[in-house]
Amino acid sequence: MKRAPSTPGAPLPPGVLRRQELRRQRRQDRLSHFWRILVFSGLSAGLGYVLLREGWTLRSPAQVEVQGSAVVTRDQVIAAAGLHFPQPLMGLQPRRVASDLMGALPVEQVQVSRLMLPPRLRVELKDREAVARAERRTDRGPEPGFVDGLGNWISLRQHQEVHSSGELSLLVLGWNARHREALARVLKQREQLGPGLREIRFEPDGSLWLVTTELGRVRLGPPDSRLDRRLEVAAHLGRTLPARLKGAPPQLVDLSDPEQPELSLARRAKATAGSPGGPARPGSPPPGAQ
């Protein structure tokens, strides 16, 4: 039997009314949740902005920590970094600050960190240390100075603010900015080369020479990719060359080819060694990568 169609204006069944009421309540709940999320998000964003701008702020120089340096003061760091107070902590870029400090202060290394609780800026420094006397060519003639362990030039004026590593018995001649990397590699091997290293010299053509008390003059050739191998062979010869040949001037050790080193001996040394003359081959160099 078919159900008769409802007439307009007739009351709806209770089940239909309940479903409509439930749908209306769900729409209201979703709308309420949406506005609640929107309000909370706005409050969180505003609170975060206030914390970043006001809560994590450097308000005085006391919030700048300087560690590791015996010569650089907090005021020098603040001036070199161009800090002004109050200074939003999150507005500072550690890499940029470190670069500014490296260019303005007598330091070898800089590490900058932002600390939140409590807000402060930590700057860790490693002072530049003069490890050798140096001389470079200028239009006005030779200019004396010093170098640090990374091969950087230190002028006489800058040296007044730089610590020196004991007695500076080593001399670097012909310093040039393009030789800095090669010089740093030699200085890194200074201990292996022994205490007799007296001079590091760069010729105008770029050729690199050493002078040691054990070997005399040592020609290393161009400071190319084989420099580390040449330094290894020089250290080996300095330790193993027969005692009767050491310190017999003039000696010339040619390590242009580190696998075929040549040793030119003084006449007296030749007579002692029983050699009729000509360059001598001082034995096989230590094994190493070609």
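This is a chat about the salt bridges and the largest pocket of a predicted model.

Trainee: How many salt bridges does the structure hold?

Mentor: The structure holds 12 salt bridges. Keep in mind that this is a predicted model.

Trainee: Why do such side chains pair at all?

Mentor: Side chains of opposite charge can pair when their charged atoms come close.

Trainee: OK, which residue does Arg120 meet in a salt bridge?

Mentor: Arg120 meets Glu65, with 2.9 Å from N to O. Arg120 is in strand β5 (residues 120–127) and Glu65 is in strand β2 (residues 64–67), so this pair ties together parts that lie 55 residues apart in sequence.

Trainee: And Arg120, buried or exposed?

Mentor: Arg120 counts as buried because its relative accessibility is 17%, and the cut-off for buried is under 20%. Glu65 counts as partly exposed, at 23%.

Trainee: Which residues are linked in a network with those two, Glu65 and Arg120?

Mentor: Arg122 is linked with Glu65 and Arg120 in a network of salt bridges.

Trainee: Moving on. What does Arg229 form a salt bridge with?

Mentor: Its partner is Glu232, and the closest N and O atoms are 3.2 Å apart. Both residues sit in helix α7 (residues 227–240); they are 3 residues apart, so about one helical turn separates them.

Trainee: How do Arg229 and Glu232 rate for accessibility?

Mentor: Arg229 is buried, with a relative accessible area of 8%. Glu232 counts as partly exposed, at 36% relative accessibility.

Trainee: What about Arg136, which side chain does that one meet?

Mentor: Arg136 and Glu143 meet in a salt bridge, at 3.0 Å from N to O. Arg136 counts as partly exposed, with 23% relative accessibility.

Trainee: New topic, pockets. What volume does the largest pocket have?

Mentor: The largest pocket has a volume of about 190 Å³.

Trainee: Which lining residues lie nearest its centre?

Mentor: Of the 13 residues that line the largest pocket, Ala104, Leu105, Pro106, Arg128 and Gln158 lie nearest the centre.

Trainee: Which element gives the most to that lining?

Mentor: That is α3, which gives 3 residues. At least two residues each come from α3 (94–104), β4 (107–115) and α4 (156–159).

Trainee: What classes does the lining have?

Mentor: The lining of the largest pocket has 5 nonpolar, 5 charged and 3 polar residues.

Trainee: Last one. Where does the largest pocket lie with respect to the domains?

Mentor: The largest pocket lies between domain 1 (57–127) and domain 2 (129–264), because both give residues to its lining.

Note on methods
Residues are numbered from 1 along each chain as its sequence is written. This is a predicted model: local features need pLDDT of at least 70, side-chain atom pairs count only at pLDDT 80 or more; totals for chains, interfaces and linings use all residues. Side-chain values use heavy atoms; hydrogens and water are left out. A salt bridge is a side-chain nitrogen of Lys or Arg within 4 Å of a carboxyl oxygen of Asp or Glu. Helices (H or I, at least four residues) and strands (E, at least two) are DSSP runs, numbered from the N terminus. Buried means under 20% relative accessible area, exposed over 50%, partly exposed in between (1.4 Å probe, protein chains only). On a 1 Å grid over the protein atoms alone, a cavity is a set of points where a 1.4 Å probe fits but cannot get out, and a pocket is an open set with protein on both sides within 12 Å along at least five of seven lines; lining residues have an atom within 4 Å of a point. Grid points are joined across faces, edges and corners, and a volume is the space filled by probe spheres set on the points. Ala, Val, Leu, Ile, Met, Phe, Trp, Tyr, Cys and Pro count as nonpolar, Asp, Glu, Lys and Arg as charged, and the others, Gly among them, as polar. Domain bounds come from an automatic or database domain assignment.
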